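Subject: Structure handover

Hello,

Here is the structure I promised you. Please open it alongside this note; my findings follow below.

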Amino acid sequence: MKVQLRRVQYMPKELDPGVLYVSEEFGIAMHLCPCGCGSKIKTPLGPTEWSVEQTKSGPTLQPSVGNWQEACQSHYWITRGEIIWAPKWTPKQIAAGRRDEEERRRAYYDALDRKSGGTLQRLWRWVKGMFKR
């Protein structure tokens with residue numbers, strides 16, 4: 001199945017098969033599960049979530065999509081407009097993958113917090129800013 005990119009502001013109620021809808025304004029991408037089950041797959045976009053890149057051959061959505069909440073439990077990549085199927089994961093692999101995702105998010109936001117001086121530093125800057133008004 002070939003996948004094409006369609007940039008939208010708002011997601012349509014009905015999604016077309018083979019279309020990756022992207023709303024950069026709302027930071028989300030959606031598509032129908034390529035297995036044919038009809039599930040609408042939502043992938044948030046952001047530095048700790050998914051990213052979309054348009055190539056000459058079609059869109060790439062990174063990282064892979066694992067539909068663990070759906071009955072089909074499909075797992076695949078959308079790469080250069082193509083669906084590349086991944087092996088089915090066991091419940092143990094799914095749990096480990098979720099822990100890894102959470103750890104990557106935590107590490108990303110912890111690094112941002114340290115870069116900005118930490119929570120107390122930001123609070124102190126806010127308090128000082130209140131007295132400058």
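E14 is exposed, because its relative accessibility is 65% and the cut-off for exposed is over 50%. You will find E14 in the loop between β1 (4-7) and β2 (19-23). Its C-alpha atom is separated from that of L32 by 9.6 Å. Those two residues are 18 apart along the chain. Please keep in mind that this is a predicted model.

Overall layout

The chain has 2 helices and 8 strands. Along the sequence the pattern reads β-β-β-β-β-β-β-β-α-α. Of the 133 residues in the chain, 31% are buried. The accessible surface comes to about 9,100 Å². Carbon and sulfur atoms account for 55% of that surface. Take the contacts between residues at least 6 apart in sequence: 28% of them join residues at least 24 apart.

Nonpolar cores

In soluble globular proteins, nonpolar side chains tend to be buried together. Here, the largest nonpolar core holds 13 residues. Which of them touch the most other members? They are L20, L61, V65, Y76 and I78. The elements giving two or more residues to this core are β2, β6 (58-66) and β7 (75-79). Another core, of 5 residues, lies apart from it. L15, V19, Y21 and M30 are among its members.

L61 deserves a look in the viewer. Leaving out residues up to four places away in sequence, L61 touches L20, H31, T43, L45, W50, S51, V52 and I78.

Salt bridges

How many salt bridges are there? The count comes to 7. One of them pairs the side chains of E82 and K2, at 3.5 Å from N to O. This pair links distant parts of the chain, 80 residues apart. E82 sits in strand β8 (residues 82-85), and K2 in the segment before β1. E82 has a relative accessible area of 36%, so it counts as partly exposed. K2 is also partly exposed, because its relative accessibility is 46%.

Next, R105. The side chains of E49 and R105 meet in a salt bridge, at 2.7 Å from N to O. Again the pair links distant parts of the chain, here 56 residues apart. E49 is in the loop between β4 (40-44) and β5 (51-55), while R105 is in helix α1. With a relative accessible area of 24%, E49 is partly exposed.

R105 also forms a salt bridge with E102, and their closest N and O atoms are 3.5 Å apart. E102 and R105 are separated by about one helical turn, because they lie 3 residues apart in helix α1. E102 is partly exposed, at 37% relative accessibility. Salt bridges that share partners join E49, E101, E102 and R105 into one network.

Surface patch

Helix α1 (residues 91-115) also holds L112. Is L112 exposed or partly exposed? At 39% relative accessibility, L112 counts as partly exposed. Together with Y108 and Y109, L112 forms a nonpolar patch on the surface. The accessible area of these residues together is about 280 Å².

Where to look

Three places to open in the viewer: the core around L20, L61, V65, Y76 and I78, the network that joins E49, E101, E102 and R105, and the surface patch of Y108, Y109 and L112.

Best wishes

Methods
Residues are numbered from 1 along each chain as its sequence is written. This is a predicted model: local features need pLDDT of at least 70, side-chain atom pairs count only at pLDDT 80 or more; totals for chains, interfaces and linings use all residues. Side-chain values use heavy atoms; hydrogens and water are left out. Patches are made of residues with over 30% relative accessible area and no salt bridge: like charges are joined within 9 Å, nonpolar side chains (Val, Leu, Ile, Met, Phe, Trp, Tyr) within 5 Å. Accessible areas come from the Shrake-Rupley method with a 1.4 Å probe; for residues, only the protein chains shown count as cover. A salt bridge is a side-chain nitrogen of Lys or Arg within 4 Å of a carboxyl oxygen of Asp or Glu. Helices (H or I, at least four residues) and strands (E, at least two) are DSSP runs, numbered from the N terminus. Buried means under 20% relative accessible area, exposed over 50%, partly exposed in between (1.4 Å probe, protein chains only). A nonpolar core is a set of buried Ala, Val, Leu, Ile, Met, Phe, Trp, Tyr and Cys residues joined through side-chain atoms within 4.5 Å. Contact means heavy atoms within 4.5 Å.
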